[in-house]
Amino acid sequence: MITLKSKREIELLAIAGNIVYQTHKYLQPYIKEGIKTIELDKLAEDFIRSKDATPSFKGYSGFPYTLCISVNSEVVHGFPSDYVLKNGDIVSIDIGACYKGYHGDSAWTYKVGEVDKEVEFLLEHTEKSLFIGLEQIKPGNRVGDIGYAIEQYAKEHKLGVVKELCGHGVGTSVHEDPEVPNYGIPNTGPRLKEGMVIAVEPMLTLGSPRIFIHDNDWTIDTADGRPSAHFEHTVVVTADGYKILTGTGE
Ligand code: MG
Ligand code: MG
């Protein structure tokens with residue numbers, strides 16, 4: 001069921017979203033060579049709790065950590081660990097925070113030091129594909145318009161689209177209806193309405209978009225071991241477009 005959020009609910013979702021944004025900003029100086037990804041997880045959990053919020057993912061369907069930290073070929077749902085970040089890595093950090101029962105969800109892929117040119121290309125165009133998808137959001141358009149725009153943009157740049165995972169509605173649950181795929185057919189799927197809150201999250205790959213799941217039953221990785229990137233914002237559909245909730249709040 002797709003729910004439309006009230007003004008009060010959107011205010012709470014915006015606070016949750018801003019806490020997610022602040023957590024990203026807080027972590028950025030720490031994302032460098034030499035840090036263990038488990039250390040980033042601890043920093044994020046303490047920061048989120050200091051904002052009177054709770055980590056959305058910890059305990060979600062048994063997920064054991066605050067952050068999903070997916071390095072290089074890992075697409076999503078990587079486990080924070082004793083892995084030490086090194087120069088040339090890319091690291092997707094997916095953050096969810098819950099404030100007074102309402103969630104925010106945003107992922108960003110960061111560079112560690114200097115990365116290869118082709119990896120730079122992947123990051124630049126995966127981030128752009130997120131905004132290309134978001135541009136489709138306004139009342140009357142449909143969910144398929146978002147996915148179509150992302151998929152076409154990825155194709156133009158010869159990047160793979162991981163199709164097994166989707167964006168989603170966000171509210172009192174971090175994942176709710178509708179599903180927001182990163183592919184689609186224009187003018188199909190649920191119609192966007194003012195007050196809908198959705199997370200759009202393209203996951204693109206440099207090589208084949210085929211994936212496999214690790215033995216931990218969570219972490220998704222590219223089958224060919226090539227790098228992948230992931231960018232996500234939670235947004236609210238407004239009267240004439242959309243507003244990003246997991247940003248500065250401006
Ligand atoms: Mg996320
Ligand atoms: Mg999400």
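Visitor: How are the donor residues of the magnesium ion (ligand 2) spaced in sequence?
Guide: In this predicted model, local features need pLDDT of at least 70, side-chain atom pairs count only at pLDDT 80 or more, and totals for chains, interfaces and linings use all residues. Residues are numbered from 1 along each chain as its sequence is written, chains are lettered from A and ligands numbered from 1 in the order in which they are written, and side-chain values use heavy atoms, with hydrogens and water left out. Donors are N, O and S atoms within 2.8 Å of the metal (3.2 Å for Na, K and Ca), and because water is not among the atoms, sites may look incomplete. The protein donors here are Asp105 (OD), His168 (NE2), Glu201 (OE) and Glu232 (OE), lying 2.1 to 2.2 Å from the ion, and the spacing of their residues in sequence reads D-x62-H-x32-E-x30-E.

Visitor: Which residue bridges the magnesium ion (ligand 1) and the magnesium ion (ligand 2)?
Guide: The magnesium ion (ligand 1) has as protein donors Asp94 (OD), Asp94 (OD), Asp105 (OD) and Glu232 (OE), at 2.0 to 2.5 Å. The two ions lie 3.1 Å apart, and the residue that bridges them is Asp105.

Visitor: Is Asp105 buried or exposed, and with what relative accessible area?
Guide: Buried means under 20% relative accessible area and exposed over 50%, with partly exposed in between (1.4 Å probe, protein chains only). Asp94, a donor to the magnesium ion (ligand 1), is buried at 7%. Asp105 is also buried, with a relative accessible area of 1%.
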